[in-house]
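Please open the model in your viewer with side chains shown as sticks, and keep the selection panel at hand. The stops below say what to select next and what is there.

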Amino acid sequence: MAVEIHVDGRVAQGRLTCFAAGLERYLAYARDHGYTVPKVLQGLSGPMNSIRLTYRYEDLNAYESHEARTLRDAGYAAEDVPLVVEFGGDLQGDHTLRL
């Protein structure tokens with residue numbers, strides 16, 4: 001059964017350009033190191049600073065393996081943490097597991 005993780009948040013006001021640059025670094029790192037690369041959606045109605053990252057995994061084992069790898073990879077954290085800061089300090093909103 002496929003698993004989809006949605007991370008919804010809002011980029012801090014005035015930080016969209018910085019967020020986009022951090023996102024590009026994060027996506028490149030994920031792609032280059034064999035991590036799942038999320039689909040990125042930006043709000044086109046309502047607040048323009050709303051962002052959704054959608055991660056898709058073939059099953060729960062793939063998701064758990066990805067999460068375990070990220071905890072051991074200092075380089076991943078170096079790209080991921082600045083991205084979270086650009087989201088306004090914490091990923092305000094929904095972290096939804098969809099099966």
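Begin by selecting β1, a strand that is largely enclosed by the rest of the structure, because six of its eight residues are buried. Bear in mind throughout that the coordinates belong to a predicted model. Now add β3 to the selection, and you will have two strands that pair in the antiparallel sense over eight bridges. β3 is mostly covered as well, since six of its eight residues are buried.

With both strands displayed, select Asp-8 and, in β3, Arg-52, which stands opposite Asp-8. These two side chains form a salt bridge, and a distance monitor placed on the closest N and O atoms should read 2.5 Å. Asp-8 belongs to strand β1 and Arg-52 to strand β3, so this pair ties together parts of the chain that are 44 residues apart in sequence. If you colour by accessibility, Asp-8 counts as buried because its relative accessible area is 16%, while Arg-52, with a relative accessible area of 27%, is partly exposed.

Which residue forms a salt bridge with Glu-4? Select Arg-56, whose closest N and O atoms to those of Glu-4 are 3.4 Å apart. Here again a residue of strand β1, Glu-4, is joined to one of strand β3, Arg-56, so that parts 52 residues apart in sequence are tied together. Glu-4 counts as partly exposed, at 23% relative accessibility, whereas Arg-56 is exposed, with a relative accessible area of 52%, because the cut-off for that class is over 50%. With these pairs the search for salt bridges is complete, as the count comes to two.

Keep β3 on screen and select strand β2, residues 39-42, which pairs with β3 in the antiparallel sense over four bridges. Within this pairing, Lys-39 is the residue to pick out, and opposite Lys-39 stands Thr-54 in β3.

The next stop is the largest nonpolar core, which has 16 residues. For a manageable first selection, take the residues with the most contacts inside this core, namely Ile-5, Leu-23, Tyr-26, Leu-53 and Tyr-55. If you then widen the view to whole elements, those that give two or more residues to the core are β1 (3-10), α1 (16-32) and β3 (50-57). Of the core residues, six come from α1, and this is the largest share.

Stay on helix α1 and select Ala-30, which is found there. Is Ala-30 buried or exposed? At 0% relative accessibility, Ala-30 counts as buried. A contact search around Ala-30 that leaves aside its neighbours within four places in sequence should return Tyr-35, Thr-36 and Val-37. Then draw a line from the C-alpha of Ala-30 to that of Gly-75: the two residues are 45 apart in sequence, and in space the distance is 9.8 Å.

Finish with helix α2, residues 60-72, and check its length along the backbone. Its 13 residues, at 1.5 Å a residue, should span 18 Å, and the end C-alpha atoms are 19 Å apart, which agrees with that expectation. At the start of α2, display Asp-59 and Asn-61 together, where a side-chain oxygen of Asp-59 reaches to within 3.1 Å of the backbone nitrogen of Asn-61.

Key
Residues are numbered from 1 along each chain as its sequence is written. This is a predicted model: local features need pLDDT of at least 70, side-chain atom pairs count only at pLDDT 80 or more; totals for chains, interfaces and linings use all residues. Side-chain values use heavy atoms; hydrogens and water are left out. The expected span of a helix is 1.5 Å times one less than its number of residues. A polar contact is a pair of N or O atoms within 3.5 Å; within protein, one must be able to donate a hydrogen and the other to accept it, and residues adjacent in sequence count only if both atoms are side-chain atoms. A nonpolar core is a set of buried Ala, Val, Leu, Ile, Met, Phe, Trp, Tyr and Cys residues joined through side-chain atoms within 4.5 Å. Buried means under 20% relative accessible area, exposed over 50%, partly exposed in between (1.4 Å probe, protein chains only). A salt bridge is a side-chain nitrogen of Lys or Arg within 4 Å of a carboxyl oxygen of Asp or Glu. Contact means heavy atoms within 4.5 Å. Two strands pair if DSSP finds at least two bridges between them.
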